[in-house]
Amino acid sequence: MGDYDASITVAVPPTALFGYLADVKNLPAYMPRLTSAKPHGGDRLTVTAHIEPAGEPEQEVESEAWIHVLEEGKSLEWGAPGPHDYRGRLHVAPGQDGDHSKLSVELHTERVEGAQVDEGLTEALRGIKSAAEAAETGR
């Protein structure tokens with residue numbers, strides 16, 4: 001099994017960043033390869049992603065997933081059923097001043113591909129930073 005974590009500073013106030021992340025309609029804007037996220041009641045959603053598996057043609061895959069929005073702790077927990085027990089948590093904390101946030105992510109998966117997972121986390125955090133900062137400046 002593998003447990004991974006990473007963090008990044010985002011130039012968006014914590015309340016605004018958490019609000020952006022908590023709106024599941026924004027998922028495709030900041031999650032690599034995700035092309036759609038359709039909520040269907042409660043914490044369940046259907047996600048579609050564009051993937052490029054090694055030795056196979058590019059393809060669109062659809063999966064069921066869940067996401068819990070924890071307002072009190074400014075955290076999001078998510079997961080997807082399947083053989084890899086894929087689940088994680090995003091946490092928004094105050095940054096060095098009121099205009100910045102520290103965004104941390106923790107990930108658990110039964111797939112143990114350390115460097116590849118670390119690269120994916122870094123890519124996801126950079127995507128969140130870019131999308132959230134763009135959304136904040138566009139307001």
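**Note on the predicted model**

1. Tyr-30 is buried, with a relative accessible area of 2%, and because the limit for calling a residue buried is under 20%, the assignment follows directly from that value. The residue is found in helix α2, which covers residues 27–30. Please keep in mind throughout that this is a predicted model. As for its place in the fold, the C-alpha atom of Tyr-30 is separated by 23 Å from that of Glu-72, and these two residues are 42 residues apart along the chain.

2. The pairing of β2 with β3 can be described on its own. Strand β2 takes in residues 34–39 and strand β3 residues 44–51, and the two run antiparallel, joined by 5 bridges. Within this pairing, Ala-37 has Val-47 in β3 as its bridge partner. The two strands form a hairpin with 4 residues between them, and in the turn Gly-41 has a positive phi of about 85 degrees.

3. A second hairpin, that of β4 and β5, deserves a careful look at its turn. Strand β4 runs over residues 59–70 and contains Gln-59, while β5 pairs with β4 in the antiparallel sense over 5 bridges. Leu-70 has Ser-75 of β5 as its bridge partner, and there are 4 residues between the strands of this hairpin. Lys-74 lies in the loop between β4 and β5 and has a positive phi of about 50 degrees although it is not a glycine. The side of Lys-74 open to solvent can be stated too: the residue counts as partly exposed, at 25% relative accessibility.

4. Gln-59, in strand β4, counts as partly exposed at 28% relative accessibility. Measured against the sequence, its relation to His-91 is worth recording: Gln-59 and His-91 are 32 residues apart in sequence, and their C-alpha atoms are 31 Å apart in space.

5. From β5 the pairing continues to β6, and these two strands are antiparallel over 6 bridges. Two of the bridge partners can be named, for Ser-75 is matched with His-91 in β6, and Leu-76 is matched with Leu-90 in β6. Ser-75 therefore appears in two pairings, as the partner of Leu-70 and as the partner of His-91.

6. Strand β6 is also joined to β7, by 8 bridges, and the two strands run antiparallel. One of the bridge partners here is Leu-107 in β7, which is matched with Gly-88. The connection from β6 to β7 is a hairpin through 6 residues.

7. How many salt bridges does a search of the whole structure find? The search finds 2. One of them joins the side chains of Arg-89 and Glu-77, at 2.2 Å from N to O. Arg-89 lies in strand β6 (residues 86–94) and Glu-77 in strand β5 (residues 75–80), so the pair ties together parts that are 12 residues apart in sequence. Both residues are reported with their exposure: Arg-89 is partly exposed, with a relative accessible area of 29%, and Glu-77 counts as partly exposed at 22% relative accessibility.

8. The side chains of Glu-133 and Lys-129 also meet in a salt bridge, here at 2.9 Å from N to O. Glu-133 and Lys-129 both lie in helix α3, where they are 4 residues apart, about one turn of the helix. Lys-129 counts as partly exposed, at 26% relative accessibility.

9. Which residues form the negative surface patch? The patch is formed by Asp-3, Asp-5, Glu-106, Glu-110, Asp-118 and Glu-119. The elements that give two or more residues to the patch are β1 (2–10) and α3 (114–137). Glu-106, by contrast in location, lies in strand β7, residues 101–109, and at 47% relative accessibility it counts as partly exposed.10. Taken together, strand β6 is a point of contact in several of these descriptions: β6 pairs with β5 over 6 bridges, 8 bridges join β6 to β7, and Arg-89 of β6 is tied to Glu-77 of β5.

How values were computed:
Residues are numbered from 1 along each chain as its sequence is written. This is a predicted model: local features need pLDDT of at least 70, side-chain atom pairs count only at pLDDT 80 or more; totals for chains, interfaces and linings use all residues. Side-chain values use heavy atoms; hydrogens and water are left out. Patches are made of residues with over 30% relative accessible area and no salt bridge: like charges are joined within 9 Å, nonpolar side chains (Val, Leu, Ile, Met, Phe, Trp, Tyr) within 5 Å. Accessible areas come from the Shrake-Rupley method with a 1.4 Å probe; for residues, only the protein chains shown count as cover. A salt bridge is a side-chain nitrogen of Lys or Arg within 4 Å of a carboxyl oxygen of Asp or Glu. Lys and Arg count as positive and Asp and Glu as negative; His and the chain ends are not counted. The place of a charge is taken as NZ of Lys, CZ of Arg, CG of Asp or CD of Glu. Buried means under 20% relative accessible area, exposed over 50%, partly exposed in between (1.4 Å probe, protein chains only). Two strands pair if DSSP finds at least two bridges between them.
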